[in-house]
Amino acid sequence: MSSNKASLVTKLVNASVPAFVWLLAGIYFLAFSFSIRVPLTLDKFDPGPAFLPQLLGGGLLLGGLAQILHNLLASPAYPTDTAKRGSAIITTAVFGFILLLPVLGFHLSATIFSIVSMVLMKVGWLRTILSTTIILFVIHFVFIEIFMIALPLFPF
């Protein structure tokens, strides 16, 4: 009887640990988004500056809960160890990008993130370099040139 309870607790912990990062990030975005009060524009249809963090937080929470549910319902015949490992590496790359953004600026940190993520997905070098160049050019052109939104720059 106790081994059944222990295995249920162990299965619940093993299912929730990979999703814990997403749940924690979702709670963070939701908790602090309600204190944002300054409107982005004076338009009456502006959803407000808290809308995007609330949407992101809700999405992260739902994704974390879906991952827990998937891991709980996954058959032992189909181990998800490689999926968990890949998810953990991509999650680390995303948070590394976020942490490097103010230090290295957008262009350099996005280049590193793009190359690392494509190498993790086993994309060839030619496609990696070509895709990274195109993605950075499009983001730079749209945000900096068209919308005139300042992205973090290299501080030195």
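I began with Val116, which I found to be partly exposed at a relative accessible area of 37%, and I placed Val116 in helix α5. I keep in mind throughout that this is a predicted model.

**Entry: the patch around Val116**

I next asked which residues form a nonpolar surface patch with Val116. I listed Ile90, Leu100, Val103, Leu108, Ile112, Leu120, Phe154 and Phe156 beside Val116, and the patch they make covers about 800 Å². Because patch members must have over 30% relative accessible area, I checked Val116 against that cut-off, and its 37% agrees with its place in the list. When I sorted the patch by helix, I noted that α4, residues 81–104, and α5, residues 106–120, each supply at least two of its residues. The largest share, four residues, comes from α5.

**Entry: the overall fold**

I then stepped back to the whole protein and recorded six helices and zero strands, so that the pattern read along the sequence is α-α-α-α-α-α. Of the 156 residues, I found 19% to be buried. For the accessible surface I wrote down about 11500 Å², with 77% of that surface belonging to carbon and sulfur atoms. I also looked at contacts between residues at least 6 apart in sequence, and 59% of these join residues at least 24 apart.

**Entry: α5 against α6**

How do α5 and α6 pack, in terms of angle and axis distance? I recorded an angle of about 145 degrees between α5 and helix α6, residues 125–146, with the two axes 10 Å apart. The crossing in which α5 passes α6 is right-handed. From the α5 side of the contact I noted Phe106, His107, Ala110, Thr111, Ser114, Ile115, Met118 and Val119. These meet a set of α6 residues that includes Trp125, Arg127, Ser131, Thr132, Ile135, Leu136, Ile139 and Ile144.

**Entry: Phe113**

Staying in helix α5, I turned to Phe113, which counts as partly exposed at 26% relative accessibility. That value is why Phe113 falls short of the exposed class, which begins over 50%, and also misses the buried class, which ends under 20%. Leaving aside neighbours within four places in sequence, I found Phe113 in contact with Ala93, Val94 and Phe97. I also took the distance from Phe113 to Thr132, 19 residues away along the chain, and their C-alpha atoms are separated by 9.3 Å.

**Entry: two residues with positive phi**

Which backbone angle did I note at Lys122? Lys122 has a positive phi of about 60 degrees although it is not a glycine, and I located Lys122 in the loop between α5 and α6. Lys122 is exposed, with a relative accessible area of 72%. Met148, likewise not a glycine, has a positive phi of about 55 degrees. I found Met148 in the segment after α6, where it is exposed with a relative accessible area of 69%.

**Entry: Leu60**

Is Leu60, in helix α3, buried or exposed? I found Leu60 buried, with a relative accessible area of 15%, and its helix α3 spans residues 51–73. Not counting residues up to four places away in sequence, Leu60 touches Trp22, Ala25, Gly26 and Phe29. I finally noted that Leu60 and Leu23, 37 residues apart in sequence, are 6.3 Å apart in space from C-alpha to C-alpha.

Conventions:
Residues are numbered from 1 along each chain as its sequence is written. This is a predicted model: local features need pLDDT of at least 70, side-chain atom pairs count only at pLDDT 80 or more; totals for chains, interfaces and linings use all residues. Side-chain values use heavy atoms; hydrogens and water are left out. Patches are made of residues with over 30% relative accessible area and no salt bridge: like charges are joined within 9 Å, nonpolar side chains (Val, Leu, Ile, Met, Phe, Trp, Tyr) within 5 Å. Accessible areas come from the Shrake-Rupley method with a 1.4 Å probe; for residues, only the protein chains shown count as cover. A salt bridge is a side-chain nitrogen of Lys or Arg within 4 Å of a carboxyl oxygen of Asp or Glu. Buried means under 20% relative accessible area, exposed over 50%, partly exposed in between (1.4 Å probe, protein chains only). Contact means heavy atoms within 4.5 Å. Axes are lines fitted to C-alpha atoms, for helices over the stretch in contact, and angles run from 0 to 180 degrees between N-to-C directions. A crossing is left-handed if the near helix is turned anticlockwise from the far one by less than a right angle, and right-handed if clockwise.
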